[in-house]
Structures are given as structure tokens and as C-alpha cells.
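Trainee: I am new to this structure and would like a close look at one part of it. Could you take me through a single residue with care, and then place that residue in its surroundings?

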Amino acid sequence: MNEDQLKRTLKKRLSGKKCKGKCAIHGESCNVVLKYKDKKIQATVDALNAIAGAPKHTDESQHYCEVCACAIRDNRPIDAYQRNEDGFIALVKGGQNRLETKDGVVIDTTFEEE
Ligand SMILES: [Zn+2]
Ligand SMILES: [Zn+2]
């Protein structure tokens, strides 16, 4: 199997039925996969959720979109990021328009207008 095939297989295995909910903060569609097509992956996810005591994601749950996922990943408040009109996900809260990693590396997210 070459790298391309492997990537395609992984993508296929990680696909599944997505939640149809909408994120209340950003208004984008929910990014949570409710059911993976791959039974092994689904079993792993179920087991992990059971250990973490995570409640099942339902219509009543808080829905997380791609923008939320960024905030969660970066340990920021859920509304720290917004998608701007160019389709970029930008930091809007936090007092400064830049990202600082744990190593103190600053990634400037401001970009010049053309
Ligand atoms: Zn959802
Ligand atoms: Zn969101």
C-alpha cells in the first residue's frame, strides 16, 4: 500500500455519521461524529468515552463546530475564535491578535490586506 492509498483508507475509516446540530456560538454545523462507519473505531471511541465518563452527544448537547475545535485544541475559551469573511479562523478574544504556544513561540496571525 502506498502513502496515498493509506491516507485514503484512514480518511475512509475515520468518516462516519456526523451530528446534524449547529454550534450556538459560531452558527456552523457540528463537527462531532456520532457513529463511525468502522466498527473497530466505534468500539474504541465507546470504550474511551466510558472511561472518561463522557455523556453521549445528542441533539441537546452543546454542539462543537470546526471553530470550537480550534479553541479546545488551544485551551482557549470556546468563543475565542471566529471565522472571518475570508473563511479563515481567527483569534478574536484574548486581548491580542496572536497565538503563543507553550514554548513561547509567537505566531502572528495578523495578515496584510491586499
Ligand atoms: Zn452536535
Ligand atoms: Zn463553534
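Mentor: Let us take P77 in this predicted model, and begin with its surroundings: P77 counts as exposed because it has 11 C-beta neighbours inside 10 Å, and a residue is called exposed when that number is 12 or fewer. As for its place along the chain, P77 lies in the loop between helix 3 and strand 3, the strand that covers 81-83. Leaving aside neighbours within four places in sequence, P77 is in contact with A71 and K93. The second of these partners, K93, is 16 residues away from P77 along the chain, and the C-alpha atoms of the two are separated by 8.4 Å.

The other partner, A71, leads from this exposed loop residue to the interior, since A71 is one of the 9 residues of the largest nonpolar core. That core also holds C23, C30, Y64, C65, V67, C68, Y81 and L91, and its largest share, 3 residues, comes from helix 3, which spans residues 66-73. In soluble globular proteins, nonpolar side chains tend to be buried together. Within the core, C65 is worth a pause: not counting residues up to four places away in sequence, C65 touches C23 and C30, and also H26, E28, S29 and N31.

Stepping back to the whole chain, 11% of its 114 residues count as buried. There are 3 helices and 6 strands, and from the N terminus on the elements run α-β-β-α-α-β-β-β-β. Among the contacts with a separation of 6 or more, 36% are made by residues 24 or more positions apart.

For a second view, away from the loop of P77, consider helix 2, which covers residues 39-52 and reaches 20 Å from its first C-alpha to its last, close to the 20 Å expected at 1.5 Å a residue. Helix 2 is hardly covered, for the count of buried residues among its 14 residues is 0. V45, which lies in this helix, counts as partly exposed because it has 16 C-beta neighbours inside 10 Å, whereas P77, with 11, counts as exposed. The C-alpha atom of V45 is separated by 9.3 Å from that of K35, a residue 10 places away along the chain. Just after helix 2 comes G53, which takes a positive phi of about 70°.

Key:
Residues are numbered from 1 along each chain as its sequence is written. Chains are lettered from A and ligands numbered from 1 in the order in which they are written. This is a predicted model: local features need pLDDT of at least 70, side-chain atom pairs count only at pLDDT 80 or more; totals for chains, interfaces and linings use all residues. Helices (H or I, at least four residues) and strands (E, at least two) are DSSP runs, numbered from the N terminus. A residue is buried if 20 or more other C-beta atoms lie within 10 Å of its own, exposed if 12 or fewer, and partly exposed in between; C-beta atoms are placed from the backbone. Two residues are in contact if their C-beta atoms, placed from the backbone, lie within 7 Å. A nonpolar core is a set of buried Ala, Val, Leu, Ile, Met, Phe, Trp, Tyr and Cys residues joined through C-beta atoms within 7 Å. The expected span of a helix is 1.5 Å times one less than its number of residues.
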